[in-house]
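Colleague: I should like a close look at a single part of this assembly, namely the place where the two chains meet. Please treat it in one connected account, with the surrounding architecture included where it bears on the contact.

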Amino acid sequence: MATVSRVVNGNPNVKPATRKKVLDAIEKLEYRPNAVARGLASKRTTTVGVIIPDISSIFFSELARGIEDIATMYKYNIILCNSDNNKEKEIHLVNTLLEKQVDGILFMGGEVTPEHAEHLNRSHVPVVLAATYHEDGDFPSVNIDYKQAAHDAISMLIEKGHTRIGMVSGSLEDL
Amino acid sequence: MNGYQKFKGYKDALASGGQTFDESLIAIADYTYDSAMEAVSQLLDEGDKPTAIFSATDEMALGVIHGLQDRGLSVPDDVEVVGFDNTRLATMVRPTLTTVVQPMYDIGAVSMRLLTKFMNKEDVAEEIVVLPHSLEYRNSTK
């Protein structure tokens, strides 16, 4: 069994003749490596949990595509979860993903509250925030400068001579 | 959606342009198209009409444009409109939408790459990554 494991996992420490014998047997049996068993042995699942508000939105689907493409490139699979921007659901998803032994979590949501932070920090797996602002800044994150971007848009309108510029804003609680 | 950050940027820009903040020029919506249409009615009914409207997302900007047009106003002649995100929606409306470009695909790709670095215990030079934004000019502004 140890030899089979070495072959399946690409360990070079196997004689070519033995490797061929194992690979032939695998093909004949239509054997597929058991991802669960493999995860148990290596303590890694090469699975990443991705929490986003809503995949059906054009906005998040582009983000998800970027995530998936790079995950595939680095041989990770993703478990994609929709949170509907609902705090209870987000925290529940974090815990469910951790129970599934994901190797990391990518989180996108409206706000990272202290309660979110507590659950995320409990994980001992890396967490990255995507397009999600966190005031305390203690999670790694990838963003644009939202404040400056809005500032630029308004300055452009002011330069055109507007003195009554309205704004249709989302919730101001959503940091 | 970083609603507060965008609002703060709006307020700061007014201040640096020497303009006073007027609460009646702000309408809060819930990021849906419909809520933005209602928000526009609110802006038009309260006091002096705005001559330009900044929307926190493209989807809401479409509600803003259609809400204005339903009231017989012309975009951009009566009111100029600027969105945020630069999703496909920006080119699926008439007039096409001037908007802030948020590179969503890149944010997804870079955040996943950052995560793989942590998971594979590679060196990480910067943990807080800020990608560049820009403005895409189309026909909802003059």
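Modeller: Between chain B and chain A there are 2 salt bridges. One of them links Asp22(B) to Arg164(A), with 3.5 Å between the closest N and O atoms. The same pair of chains has 30 residue pairs in polar contact, counted where both residues have pLDDT of 80 or more. That threshold applies because the model is a predicted one. On the side of chain B that touches chain A, helix H4(B), residues 104–119, supplies the largest share, with 14 residues. Sorted by class, this side of chain B has 45 nonpolar, 19 polar and 12 charged residues. In total, chain B brings 76 residues to the contact and chain A brings 64. About 6,300 Å² is buried between the two chains, and carbon and sulfur atoms give 67% of that area.

The contact also involves strands, and two sheets draw on both chains. The first is an open sheet of 6 strands with mixed pairing, in the order E1(B)-E6(A)-E2(B)-E3(B)-E4(B)-E6(B). Its edges are formed by E1(B), residues 26–28, and E6(B), residues 134–136, each of which pairs on one side only. Neighbouring strands in this sheet are turned against each other by 20° on average, with direction ignored. Strand E6(A) is joined to E1(B) by 3 bridges in the parallel sense. Within this pairing, Val168(A) has Ala27(B) as its bridge partner. Further along the sheet, E3(B), residues 80–85, runs parallel to E4(B), residues 98–101, and 4 bridges join them. Asp85(B) is partnered there by Val101(B).

Helix H1(B), residues 3–16, lies across strands from both chains: E6(A), residues 165–169, and E1, E2 (52–55) and E3 of chain B. The helix runs at about 170° to E6(A).

The second sheet is likewise open and has 6 strands, but its pairing is parallel, in the order E2(A)-E1(A)-E3(A)-E4(A)-E5(A)-E5(B). E2(A) and E5(B), residues 128–131, stand at the edges with a single partner strand each, so one side of each is left without a neighbour in the sheet. The twist from one strand to the next averages 20°. Inside chain A, E3(A), residues 104–107, pairs with E4(A), residues 127–130, in the parallel sense over 3 bridges. Ile105(A) has Val127(A) as its bridge partner in E4(A).

Helix H4(B), already named for its share of the contact, lies across strands of this second sheet: E1 (47–52), E3, E4 and E5 (141–144) of chain A, and E5 of chain B. H4(B) runs at about 170° to E4(A).

The fold of chain B gives the context for these elements. Chain B has 4 helices and 6 strands, which follow the pattern α-β-α-β-α-β-β-α-β-β along the sequence. Its C-alpha trace spans about 60 × 35 × 25 Å along the principal axes.

Some backbone details deserve attention as well. Most residues other than glycine have a negative phi, and most peptide bonds are trans. Chain B has a cis peptide bond between Val75(B) and Pro76(B), with omega about 10°. Pro76(B) is located in the loop between helix H3 (58–70) and E3 of chain B. The bond from Arg94(B) to Pro95(B) is also cis, with omega near -10°, and Pro95(B) is found in the loop between E3 and E4 of chain B. In chain A, Lys75(A) is not a glycine, yet has a positive phi of about 60°. Lys75(A) sits in the loop between helix H4 (58–73) and strand E2 (77–82) of chain A.

Returning to charged pairs, the structure holds 10 salt bridges over all chains. One within chain A joins Lys20(A) and Asp24(A), whose closest N and O atoms are 3.0 Å apart. Both residues belong to helix H2 (16–29) of chain A and are 4 residues apart, about one turn of the helix.

Note on methods
Residues numbered from 1 in each chain as written. Chains lettered and ligands numbered in written order. Predicted model: local features only at pLDDT ≥ 70, side-chain atom pairs only at ≥ 80, totals over all residues. Heavy atoms only, no water. Pairing = 2+ DSSP bridges. Axes fitted to C-alpha atoms, helices over the stretch in contact; angles between N-to-C directions. Contact = heavy atoms within 4.5 Å. Buried area = accessible area lost by both parts, 1.4 Å probe. Salt bridge = Lys/Arg side-chain N within 4 Å of Asp/Glu carboxyl O. Polar contact = N/O pair within 3.5 Å; in protein donor to acceptor, adjacent residues only side chain to side chain. Nonpolar A, V, L, I, M, F, W, Y, C, P; charged D, E, K, R; others polar.
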